[in-house]
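Work through the following exercises with the sequence and the structure side by side. Try each task yourself before you read the solution that follows it.

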Amino acid sequence: MDEAETSNIFYVPTPSLPSITPPDSYDPFRSQPVPLIIDNGSSNLRFGFSTSASPHSSPNIIAKYKERKFNQSLLLFGDAIDAESGAKSQGKTPWEGDVLLNFDAMENALDYAFVRLGIDAEGIEHPVLMTERLCSPLHSRALTSELMFEQYSVPSLTYCVDSVMSFYHNNKPTSGSTFSADGLVVSFNTASTSVIPILNGKGVLSHAKRIPWGTQQSTEYLLKLIQLKYSSFPTRVTSTQASWMLHNFCSFATDYPAVLRSLKIPENMRAAERIVQFPFIIPVVEEKTEEELARISEKRKEQGKKLQELAAKSRMEKLAKKENDLQYLTNLKESKRSNKREWMDTLQIEGFDDDAALDETIKKLEVDVKRARKKDPDGQDDVIEEPSFPLIDVPDADLDEEGIKEKKKQKLMKAGFDARARARREKEKEREEKEAEERREEEERENNFDDWAARLRREQEAIMNKIKERGRRKAALSDRKSAAAQARMKNIASLAADERVSKKKRKAGAEDMFGADDEDWQIYRKLNAAAVSSDEEEEFNQLRIIESKLLMHDPTFTAQHTHASITSQRSALMSAFRPQYEEGDIEGSARIHLNTERWRVCETYFSPGMAGVDSAGLGEVLQNILARFSEAEKARLVKNVFITGGPSQFSGLQERLHGTLRPILPPEMHLGDIVRAADPSLDAWKGMASFANTDEFHQVSVTAEEYQEWGGERIKRWWGGNCNSAV
């Protein structure tokens with residue numbers, strides 16, 4: 001591995017156990033009307049008093065888990081879930097996507113928050129400022145209000161939109177002046193992305209838009225891409241790990257098609273990739289001494305030799321049986337009687353319907369015997385002394401019934417012995433021809449090596465072209481519209497349309513002669529492309545012999561030039577997209593190479609259809625919102641484009657938004673800098689804390705008496721909250 005690749009490796013962080021933190025002291029806030037700020041996010045719950053510099057933050061998830069060792073029921077919240085391996089699967093959040101629905105989990109989360117703050121009073125004696133989603137359903141708000149007023153007895157409750165409060169924190173007015181900033185807020189949340197126009201410090205929520213794509217969907221999409229790319233990855237990739245990869249390696253592309261075009265060059269793709277190394281365990285290999293290795297090797301050789309002897313013995317027995325059967329059937333055919341009825345009776349006794357069945361069996365046995373003789377290794381057919389057959393020349397008249405049977409048996413034995421002798425002679429002849437061919441080839445190689453190597457290379461190329469053409473034909477047959485598939489259907493149609501010999505004509509002696517010629521059977525190879533013929537096997541054997549000779553004698557012919565290496569080679573682009581490591585490389589097999597996924601996942605914010613979501617992208621939503629305002633109002637909005645939320649920290653987002661907004665605005669209209677929140681994760685809470693310390697906060701709060709009169713769905717209309725069912 002080169003140095004550049006080594007420096008590009010990032011290790012998956014190891015989760016650490018949470019530390020036990022004691023609750024805060026409640027004494028400074030006891031009997032003090034200090035507002036309590038709760039940012040109820042889908043991912044994290046942030047809570048604290050408005051006078052605190054920063055809030056407490058914890059993952060907004062709970063798990064009811066029964067610990068088996070001590071048989072105790074536990075209620076775990078946030079990071080504590082990671083301390084128990086079985087609690088993770090039972091985790092539950094108050095949110096279902098972008099809607100607050102699980103109020104049992106919400107109550108448990110609030111219990112944790114109040115205990116963590118050290119509140120030990122009978123009820124919550126502090127005004128509460130709490131976030132809710134843009135256009136929150138009335139059902140969620142009513143149940144949340146009921147929980148806060150009925151369960152915790154809060155004196156007053158105010159709802160706000162987190163993105164508006166983050167904008168307020170980054171555009172706070174000077175002391176004594178009202179909030180009157182203009183801007184276009186783009187909020188990247190866990191389960192959605194919303195755009196809120198703000199004029200004169202008030203959110204124009206009637207023109208706000210939201211798309212159903214957020215960090216949660218992006219994480220799931222990245223995880224699916226990884227699972228598709230590495231379908232047999234040895235380690236399970238979790239959503240937490242996918243989220244870590246999303247936040248650390250993914251970014252927005254200013255021109256996504258241009259980035260893809262640049263990644264078509266393998267060198268660029270390798271330079272842009274990020275290698276994620278997952279934990280792996282090196283298997284422990286027991287080292288053996290030289291004596292043990294020698295003993296194991298010797299034992300394997302003995303076992304192999306025994307298996308070879310058994311296989312050779314079995315092969316010889318089968319060959320002898322086939323030779324005897326072939327000789328017997330050949331003698332039976334030669335002794336064909338002139339009387340047709342007697343001959344048919346003889347065939348019926350031997351198990352044949354007619355002469356054609358007998359001929360077919362003889363032909364098949366000849367092929368099997370010839371093939372078995374070729375597969376016999378040298379030295380198996382040792383010369384055996386010819387046995388005596390004394391009854392063969394004795395006339396039948398001089399023998400009794402037992403003698404005639406023994407004579408027939410000796411005839412078959414002699415026929416088998418003669419057949420084996422002929423096979424030995426043919427094999428010896430083939431061996432001599434092979435040795436002569438090897439001598440001629442050796443002389444050619446020594447006298448004219450270049451021509452010899454060129455000839456073998458041409459033969460190798462010709463065989464590989466045949467194999468490649470056969471593969472192309474098989475691929476073409478899978479396409480119903482290809483010429484090969486249409487020709488196959490014509491062959492099937494012609495076979496179906498052939499005029500068959502009628503039953504009456506067959507009785508008269510007119511037989512269907514299909515199959516008498518070997519070429520007739522080629523039609524089935526055309527019909528069944530998947531069938532492996534003997535020609536293919538012979539071609540592969542010949543190819544292996546040619547390549548072994550070239551590897552042995554031609555220094556310019558390496559293993560990379562062999563057919564196996566050529567067919568297993570992948571394109572340079574595919575190798576860069578997903579590099580393959582050698583078999584047995586445990587460290588390499590536990591790596592994930594992120595390249596195109598780094599930009600593809602973030603591009604879904606602008607093209608959700610890439611991930612199968614039927615929704616407008618962020619660019620289309622911005623264009624739709626700006627079209628609802630006059631030119632003067634539009635100019636005020638685009639002077640201050642504000643982005644907040646976790647994904648706003650992804651690199652390239654500001655440039656991408658600038659490239660998206662500039663074409664949809666008039667050329668003369670000024671587009672200000674796209675500003676990112678100073679702290680996208682905490683600015684919403686800090687803005688809420690700043691607002692809670694103003695006099696306006698008490699004017700927009702819903703008191704317990706008003707809750708009893710109006711119900712939990714009603715809120716007061718103000719610039720930082722929703723306006724549905726507001727007064």
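**Exercise 1.** Which strands does helix α25 lie across, and at about what angle does the helix run to β2?

Solution. Before starting, note that this is a predicted model, in which local features need pLDDT of at least 70 and side-chain atom pairs count only at pLDDT 80 or more, while totals for chains, interfaces and linings use all residues. Residues are numbered from 1 along each chain as its sequence is written, and side-chain values use heavy atoms, with hydrogens and water left out.

Step one is to fix the terms: helices (H or I, at least four residues) and strands (E, at least two) are DSSP runs, numbered from the N terminus. Axes are lines fitted to C-alpha atoms, for helices over the stretch in contact, and angles run from 0 to 180 degrees between N-to-C directions. Contact means heavy atoms within 4.5 Å.

Step two is to find helix α25 at residues 683-692, where the helix lies across β2 (36-40), β3 (44-49), β10 and β11, and runs at about 150° to β2.

**Exercise 2.** Describe the open sheet to which β2 belongs, giving the strand order and the edge strands.

Solution. Strands of a sheet pair through backbone hydrogen bonds, either parallel or antiparallel. Two strands pair if DSSP finds at least two bridges between them. Reading across this open sheet of six strands gives the order β4-β3-β2-β10-β11-β20, with mixed pairing. At the edges are β4 (56-59) and β20 (702-703), each of which pairs on one side only. Inside the order, strand β10 (residues 128-131) runs parallel to strand β11 (residues 156-160), and four bridges join them; in this pair L129 stands opposite T158 of β11.

**Exercise 3.** Is D39 buried or exposed, and which residues is D39 in contact with?

Solution. First locate D39, which has its place in strand β2. Next apply the cut-offs: buried means under 20% relative accessible area, exposed over 50%, and partly exposed in between (1.4 Å probe, protein chains only). D39 has a relative accessible area of 4% and is therefore buried. Finally, leaving aside neighbours within four places in sequence, the contacts of D39 are N44, L45, R46, T131, D162, A684 and W685.

**Exercise 4.** Work out how β5, β6 and β7 are arranged.

Solution. The three strands form an open sheet in the order β6-β5-β7, and the pairing is antiparallel. The edge strands, each pairing on one side only, are β6 (72-77) and β7 (91-92).

Take the two pairings in turn. Six bridges link β5 with β6 in the antiparallel sense, and A63 stands opposite L76 in β6. These two strands make a hairpin with four residues between them, and N71 in the turn has a positive phi of about 55°. Strand β5 (residues 62-67) is also joined to β7 by two bridges, again running antiparallel, with I62 opposite K92 in β7.

To finish, add helix α2 (residues 103-116), which lies across β5, β6 and β7 and runs at about 85° to β5.

**Exercise 5.** Compare how α9 packs with α12 and with α10, using axes, angles and handedness.

Solution. Angles under 35 degrees count as roughly parallel, over 145 as roughly antiparallel, 65 to 115 as roughly perpendicular and the rest as oblique. A crossing is left-handed if the near helix is turned anticlockwise from the far one by less than a right angle, and right-handed if clockwise.

Begin with α9 (residues 290-334) and α12 (residues 401-447), whose axes come within 9 Å and cross at roughly 115°. The two helices are therefore roughly perpendicular to each other, and their crossing is right-handed. The contact is made by A320, E323, N324, Q327 and Y328 of α9 and by L412, A415, G416, R420, R422 and A423 of α12.

Then turn to α9 and helix α10 (residues 340-350), which pack at an angle of about 165° with their axes 12 Å apart. That makes α9 roughly antiparallel to α10, and the crossing is left-handed. Here Y328, L332 and K333 in α9 meet W343, T346 and E350 in α10.
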